[in-house]
Amino acid sequence: MKKLIITIFFLNILFSQHIKIPSLIFDHQALIVDNIDASRDFYRDVLLMEEIENKAGDNPPKRWLKNAEGVEMHLIEGKTKKLKHVKSVHMAFSVKNMKDFMNHLKIQNIQFGSWSGEKGTYGLRDDGVKQIYLQDPTGFWIEINEK
C-alpha cells in the first residue's frame, strides 16, 4: 500500500509538470448598444479607437473598433432595456496624461467625474492613481486611469 501511494505521488508530479495550460489573451469586448452610429462615434472620437473591418456581417448592424494596443471593441446594435448601469460594473482604460485627456473630454463636451461623483475632476484611488469615470451613449460606465 505504501509503495502504491508513493508511486501515485511521483506519477502525479511527473504528469503535472508536462501539462501545459494555455494562457488566455484578452481578445475583445462586445456591447449591445441602442444607437450604433452614436456609439461608434463615441468610441472613435472620444476614446480615440480606430474603426476596423467588421468580419461578422451586418445583421444585426455592427461596428468594430480597436484601441492603440489592438484590443477590439465590437458594438452590436440591438434593443436594450433601460437598465440602471452601476459604476462598479465598468471597463477601464489608461492614459499617460490625465490633464490632457480631461481637456480632450471637455472639448468633446463629454461629462466625467470622480468615483464619488464630483463632476469635471479626477479622484485618487487608494494607491494614488488618478481616475475619472464617464458613460458611453448607451450608459455603460468607463474608467480612465493615469498610468
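Asn-109 counts as exposed, because its relative accessibility is 68% and the label exposed is given over 50% relative accessible area, with buried under 20% and partly exposed in between (1.4 Å probe, protein chains only). Asn-109 sits in the loop between α3 and β6, and its phi is positive, about 60 degrees, although it is not a glycine. Before going on, note that this is a predicted model, where local features need pLDDT of at least 70, side-chain atom pairs count only at pLDDT 80 or more, and totals for chains, interfaces and linings use all residues. Residues are numbered from 1 along each chain as its sequence is written, and side-chain values use heavy atoms, with hydrogens and water left out.

Leu-48 tells a similar backbone story: not a glycine, yet with a positive phi of about 60 degrees. You'll find Leu-48 in the loop between α2 (36–46) and β2, and it is exposed, with a relative accessible area of 57%. Most residues other than glycine have a negative phi, and most peptide bonds are trans. On the peptide-bond side, Asn-59 and Pro-60 are joined by a cis bond, with omega about 0 degrees. Pro-60 lies in the loop between β2 and β3.

Now for the sheets. The helix and strand names come from DSSP runs, numbered from the N terminus: helices are H or I of at least four residues, strands E of at least two. Two strands pair if DSSP finds at least two bridges between them. One open sheet has four strands in the order β1-β4-β3-β2, with mixed pairing. Its edges are β1 (28–33) and β2 (50–52), each with a single partner strand, so one side of each has no neighbour in the sheet. Inside this sheet, β3 (residues 62–66) and β4 (residues 72–77) run antiparallel over five bridges; Lys-62, for instance, has Ile-76 in β4 as its bridge partner.

Another open sheet, also of four strands with mixed pairing, follows the order β5-β8-β7-β6. Here β5 (90–95) and β6 (123–124) are the edge strands, each pairing on one side only. β5 and β8 pair in the parallel sense over six bridges, and Val-95 stands opposite Glu-146 in β8.

Strand β8 (residues 141–146) is also home to Glu-143. At 6% relative accessibility, Glu-143 counts as buried. Its side chain makes polar contacts (pairs of N or O atoms within 3.5 Å; within protein, one must be able to donate a hydrogen and the other to accept it, and residues adjacent in sequence count only if both atoms are side-chain atoms). The side chain of His-90 is one partner, at 2.6 Å, and the side chain of Tyr-133 is another, at 3.2 Å. Contact in general means heavy atoms within 4.5 Å. Leaving aside neighbours within four places in sequence, the residues in contact with Glu-143 include Met-91, Phe-93, Arg-125 and Ile-132.

What share of the lining of the largest pocket comes from β5? Five residues, the largest share, come from β5. β4 and β5 each supply at least two residues of that lining.
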